[in-house]
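Student: I'd like to go through the pockets in this one. Can we start with what lines them?
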Amino acid sequence: MRGGTSKGAYFLARDLPAEPAERDALLLRIMGSPDARQIDGLGGAHPLTSKVAVVSPSAGPDADVDYLFLQVAVDKPEVSDRQNCGNILAGIGPFAVERGLVTAGEEETSVRIRMVNSGDLATATFPTPGGRVDYTGDAGISGVPGTAAPVVVEFPPGAGPLLPTGNVRDEIDGVRVTCVDNGMPTVLIEAASLEVTGYESPAELEADEDLAGRLRSIRLRAGRLMGLGDVSDATVPKLTLLAPPREDGAITTRTFIPVRCHTSIGVLGAAGVAAGLRIEGGVGADLARLTPGSDRIRIEHPTGFLDIESSLGSTPDGLPSARRTAVVRTARKIFDGTVFPRSAETAPIPPHPEGGHR
């Protein structure tokens, strides 16, 4: 399925091995990793198209389904569960209906989703006329051609602090940053402080070796400041460079995931940016062009924009906290079938009774 501006393989948990190491070994073979082209699997040779969703009935009363996101590395034999993905999240509700985990309403369906990676919750609402998922519609999102049915994803406040370091600003390697976590650990950096404009193309930024070295150092130190420990082998925190808007948006962004530059922006990364722009004194607050009295923020990215609604409250000790975050995404069912993973170099994993994995 395509979810938002990402694409991945969606599985029922019961169709995969329960033991994480066996499951991850299988997923590497299914996606075709490690290989830069992922020629021998389902992966699309880019982090945005090498993703996996594992879905099951929820273990708790406050959600309908549990969603485990797994990022499958393209050129390394790694599978990470250390982050969420808000784009793949857009397909979880429709998938749950397709697989019979949730009964569809006659007009629209809302599915309560627990993001297993972080414990956070989300609710996805989408059209189901006649009790069936309808993927057609007139909602368009930047980075995806054409239009589709809207999937409205709303996030309640996260379980942890919005400012995980406890500071509105921190200084790392002489660069001022704001570390936020509104569903995804994110480090906000003014692009000019790294001697780039923030309007460069992803390819131009990826080719800048000096920039890559500075970003890596900032990310490693920020990870420890945010309580994430050693993040050298993790995909979080994300780093987002900020610059004044060029079009009619509130801010221009370039996001690293963590080395490749995103061709758009992730939903949860955008949630962090939107919240960060509203924090008085935070990095980006002076760069942003916000509309007074409106919760909606248009975030510009390399291939267009993402509209997100964000509002803040405050904690009892006066620190800012996320109050509401909502975004419109779209999803598409691309293929439903059985995948036959290549043979393992080690002991084989027992196959699905039909010979593959659905």
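Student: How do the residues lining the second largest pocket divide into nonpolar, polar and charged?
Tutor: This is a predicted model. In it, the lining of the second largest pocket has ten nonpolar, five polar and six charged residues.

Student: Which residues lie nearest the centre of that second largest pocket?
Tutor: Met1, Gly8, Ala9, Leu42 and Phe335 do, out of 21 lining residues.

Student: And which elements give two or more residues to the lining there?
Tutor: Those are β2 (6-12) and α3 (92-98). The most comes from β2, which gives five residues.

Student: What volume does the second largest pocket have?
Tutor: About 490 Å³.

Student: OK, switching. What is the volume of the largest pocket?
Tutor: The largest pocket comes to about 770 Å³. It is lined by 34 residues, and the closest to its centre are Lys76, Ile257, Pro258, Val259 and Arg260.

Student: Which elements give two or more residues to the lining of the largest pocket?
Tutor: Two strands, β4 (65-72) and β5 (79-80), and the helices α1 (20-31), α4 (202-206) and α5 (209-225).

Student: Which of them gives the most to the lining?
Tutor: Helix α5 does, with five residues.

Student: How many of the residues lining the largest pocket are charged?
Tutor: The count is 13 charged, next to 17 nonpolar and four polar.

Methods: Residues are numbered from 1 along each chain as its sequence is written. This is a predicted model: local features need pLDDT of at least 70, side-chain atom pairs count only at pLDDT 80 or more; totals for chains, interfaces and linings use all residues. Side-chain values use heavy atoms; hydrogens and water are left out. On a 1 Å grid over the protein atoms alone, a cavity is a set of points where a 1.4 Å probe fits but cannot get out, and a pocket is an open set with protein on both sides within 12 Å along at least five of seven lines; lining residues have an atom within 4 Å of a point. Grid points are joined across faces, edges and corners, and a volume is the space filled by probe spheres set on the points. Helices (H or I, at least four residues) and strands (E, at least two) are DSSP runs, numbered from the N terminus. Ala, Val, Leu, Ile, Met, Phe, Trp, Tyr, Cys and Pro count as nonpolar, Asp, Glu, Lys and Arg as charged, and the others, Gly among them, as polar.
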